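Hi,

Here is the structure I said I would pass on. Have a look at it first, and my notes follow underneath.

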Amino acid sequence: MADENTAEADMLKWAKGLAQKHGWMLNPDEKQMHTVIRGLVRNKEKFGRPYCPCRLRSGDEEKDRSIECPCVYHRDEIEHDGQCHCHLYFKKV
Ligand code: SF4
């Protein structure tokens, strides 16, 4: 449990840093935001990479690189939809 909490804290720190670097913010709904963070931690532990918890992996490492967080889609999604598919990163309003 302690390890899990540490892994989540590390993932959250990393996500916050990325958001800050790009002028985004994390989902203000903390419950939703933590669900995504937990999903990323789980995928990292299970598959070795922080695959998007909201997309299906193909199982092909090469192909699945595109859905490793931050996925290749996130910039367009944040720009056009206001948030990424998982609702982790939000455009600041
Ligand atoms: S949709 Fe968001 S949380 Fe999911 S991989 Fe892309 S950037 Fe990460």
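Let me start with α2, where the buried residues are Met33, Val36, Ile37, Leu40, Val41 and Asn43. They sit on the same side of the helix, because the arc they cover around the axis is only 160°. On the face turned away from that buried side you'll find the exposed residues Lys31, Glu45 and Lys46. Before you read too much into any of this, bear in mind that the model is predicted.

As for its geometry, α2 is 18 residues long and spans 25 Å from first C-alpha to last, close to the 26 Å you'd expect at 1.5 Å a residue. Right after the helix comes Gly48, with a positive phi near 90°.

Now the core. Nonpolar side chains tend to be buried together in soluble globular proteins. Here the largest nonpolar core has 18 residues, and the ones with the most contacts inside it are Val36, Ile37, Leu40, Cys52 and Leu88. Both α1 (2-22) and α2 (30-47) supply at least two residues each, with the largest share, 5 residues, coming from α2. Leu88 is a handy place to zoom in: if you skip its neighbours within four places in sequence, its contacts are Ala15, Leu26, Asn27, Met33 and Val36. Two of those names, Met33 and Val36, are also on the list of buried residues in α2.

Next, the ligand. Which residues come nearest to it? Out of the 13 around the ligand, the answer is Cys52, Cys69, Cys71, Cys84 and Cys86. Cys52 should look familiar, as it is also among the residues with the most contacts inside the core. By type, the shell around the ligand splits into 11 nonpolar residues, 2 polar ones and no charged ones.

Two backbone details are worth a click as well:

- Cys69 and Pro70 are joined by a cis peptide bond, with omega at about 0°. Pro70 belongs to the loop between α3 (61-64) and α4 (74-81), and Cys69 is one of the cysteines that come nearest to the ligand.
- His87 has a positive phi of about 60°, even though it is not a glycine. You'll find His87 in the loop between α4 and β2 (89-91). Is His87 buried, exposed or partly exposed? With 18 other C-beta atoms within 10 Å, it counts as partly exposed.

That's what I have so far. Shout if anything is unclear.

Cheers

Definitions and conventions: Residues are numbered from 1 along each chain as its sequence is written. This is a predicted model: local features need pLDDT of at least 70, side-chain atom pairs count only at pLDDT 80 or more; totals for chains, interfaces and linings use all residues. A residue is near a molecule or strand if its C-beta atom, placed from the backbone, lies within 6 Å of it. Ala, Val, Leu, Ile, Met, Phe, Trp, Tyr, Cys and Pro count as nonpolar, Asp, Glu, Lys and Arg as charged, and the others, Gly among them, as polar. Helices (H or I, at least four residues) and strands (E, at least two) are DSSP runs, numbered from the N terminus. A residue is buried if 20 or more other C-beta atoms lie within 10 Å of its own, exposed if 12 or fewer, and partly exposed in between; C-beta atoms are placed from the backbone. A nonpolar core is a set of buried Ala, Val, Leu, Ile, Met, Phe, Trp, Tyr and Cys residues joined through C-beta atoms within 7 Å. Two residues are in contact if their C-beta atoms, placed from the backbone, lie within 7 Å. The expected span of a helix is 1.5 Å times one less than its number of residues. The arc is that of the directions from the helix axis to the C-beta atoms.
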